[in-house]
Amino acid sequence: MPTEIDAATTLDRPPLFSEIEHRLADACRRLVALCSHNSAEGQELQDKFLPAISKINQVVIGPLEANFGAFVAIEDVLYLKEEPVIELFRIVLSDIASQLKAGRTISAAEIPALLERALMDYVLHELRHQSQGVGDYGDFKLAKSIAGRRFMAEMDVQADRDAAFAFSMLYTHGNSRAEFLECFREALFLSSAYYFRIFPPTPSRLDKQERVAAVMLMSARLAVIRDFNELVERPDLPLDSPLIAKISTAQSTLAIFQGQPNVRLLGAANDAAVGLLVRQLDRSQFDDALETSISLADQLGLLPDN
Ligand SMILES: [Zn+2]
């Protein structure tokens, strides 16, 4: 398999690929260094990411055989399947083009950094699956066939949250809580703006809806703080807490739980907003879904105090 990838890398590839590959490998090395920080955050990174990233020295974007899924680490090389990466870059670049049209200034030099951030969060999600024990695609499929889709969707949400945590550590260097939370919000936004468009939630599939709803509700809690002068976080439910969403089979009731390590019920909603959220997720209307999630989070008392 590596022979096939080596051959592919010499073919006609977008020149940007090499730069992004180097940037990702460098980000992995910086994350390894952060794992040795003498802090609770350093310990959490160590537990959740170090086993998967300690050896990575090179990242290669190329073709991957179907049995590897979209991602595989072999010795010190991390291989990323090129199709989802190309699709991600296509969406990010078209988003940048829209922003330029709307008058925002983005220099050419900023573009590789934006692509790196969009891809790194996706890579962190996949790396987290390693310490969850489901990094191997065969193991993931086996666990899913036994535990069911909804349980695996919970593992995906936890990986989304932990990827956002590592992303924030990586790109803020622990400067301030406000900066950390802004990065955390950005990482969750990357999920809804990009990854869920590449792998859209299948209409009427509860597992997919629950994963996206959980990410939306985590995003909702952070979306409102931009207007705050002073931020007061609930000590029992910090703004980077993982959430789990469960939707009834009739798709009319939603229960929200705090995720690991203190799993507990935070509240339940049983009104028109739940059905509205489900319909918005089914149609991939993520901007509207965020607004609905903010009102649901408000109703359930999950928003921070101003
Ligand atoms: Zn996953």
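**Close-up 1. The hairpin of E2 and E3 in the predicted model.** Two residues lie between the strands of this hairpin. One residue here, Glu75, has a positive phi near 55 degrees. Strand E2 covers residues 71–74, and strand E3 covers residues 77–81. Four bridges hold E2 against E3, and the two run antiparallel. Phe71 has Leu80 of E3 as its bridge partner.

**Close-up 2. The open sheet of E1, E3 and E2.** Three strands form this open sheet, in the order E1-E3-E2. Pairing is mixed. E1 and E2 are the edge strands with a single partner strand each, so each has one side without a neighbour in the sheet. Twist from one strand to the next averages 20 degrees. Helix H4, residues 82–101, packs on the sheet and touches E1 and E3. The direction of H4 makes about 70 degrees with that of E3.

**Close-up 3. The parallel pairing of E1 with E3.** Strand E1 spans residues 58–62. Five bridges link E1 to E3. Which residue of E3 does Val59 stand opposite? Val59 faces Leu78. In general, strands of a sheet pair through backbone hydrogen bonds, either parallel or antiparallel.

**Close-up 4. The open sheet of E4, E5 and E6.** This open sheet has three strands in the order E4-E5-E6, and the pairing is antiparallel. Strand E4 (243–247) and strand E6 (264–269) are at the edges. Each has a single partner strand, so one side of each lacks a neighbour in the sheet. The twist between one strand and the next averages 20 degrees. Helix H9, residues 206–223, packs on the sheet, where it touches E4 and E5. The directions of H9 and E4 make an angle of about 135 degrees.

**Close-up 5. The hairpin from E5 to E6.** Five residues connect the two strands. Strand E5 covers residues 254–258. E5 and E6 run antiparallel and are joined by five bridges. At one of these strands, E6, Ala269 is the bridge partner of Leu254.

**Close-up 6. Helix H7 against helix H8.** H8 spans residues 177–198. The axes of H7 and H8 come within 8 Å and cross at roughly 135 degrees. That angle makes H7 oblique to H8. The crossing is right-handed. On the H7 side, the residues that meet H8 include Asp160, Ala163, Ala164, Phe167 and Tyr171. On the H8 side, residues including Phe180, Cys183, Phe184, Ala187 and Leu188 meet H7.

**Close-up 7. The largest nonpolar core.** This core has 80 residues. Leu119, Ala166, Phe167, Ala213 and Leu217 have the most contacts inside it. Which helix gives the core its largest share of residues? Helix H7, residues 149–172, supplies twelve. Phe167 also appears among the H7 residues that meet H8. In soluble globular proteins, nonpolar side chains tend to be buried together.

**Close-up 8. Leu217 and its contacts.** Which residues does Leu217 touch, beyond its neighbours within four places in sequence? The contacts are Leu243, Ala245, Ile256, Ser293, Leu296 and Ala297. Leu217 is one of the residues with the most contacts inside the largest nonpolar core. Leu217 of H9 also takes part in the contact with H11.

**Close-up 9. Helix H9 against helix H11.** H11 covers residues 286–299. H9 and H11 pack at an angle of about 75 degrees, and their axes are 8 Å apart. H9 is therefore roughly perpendicular to H11. From H9, the contact uses Met216, Leu217, Ser219, Ala220, Arg221 and Ala223. From H11, Ala289, Leu290, Ser293, Ile294, Leu296 and Ala297 take part.

**Close-up 10. Gln130 and its surroundings.** Gln130 lies in helix H5, which spans residues 110–131. Is Gln130 buried or partly exposed? Gln130 counts as partly exposed, because it has 18 C-beta neighbours inside 10 Å, while a buried residue needs 20 or more. Setting aside neighbours within four places in sequence, Gln130 is in contact with Pro51, Ala52 and Gly135. Ile53 is 77 residues from Gln130 in sequence, yet their C-alpha atoms are 9.5 Å apart in space.

How values were computed: Residues are numbered from 1 along each chain as its sequence is written. Two strands pair if DSSP finds at least two bridges between them. Axes are lines fitted to C-alpha atoms, for helices over the stretch in contact, and angles run from 0 to 180 degrees between N-to-C directions. Two residues are in contact if their C-beta atoms, placed from the backbone, lie within 7 Å. A nonpolar core is a set of buried Ala, Val, Leu, Ile, Met, Phe, Trp, Tyr and Cys residues joined through C-beta atoms within 7 Å. A residue is buried if 20 or more other C-beta atoms lie within 10 Å of its own, exposed if 12 or fewer, and partly exposed in between; C-beta atoms are placed from the backbone. Angles under 35 degrees count as roughly parallel, over 145 as roughly antiparallel, 65 to 115 as roughly perpendicular and the rest as oblique. A crossing is left-handed if the near helix is turned anticlockwise from the far one by less than a right angle, and right-handed if clockwise.
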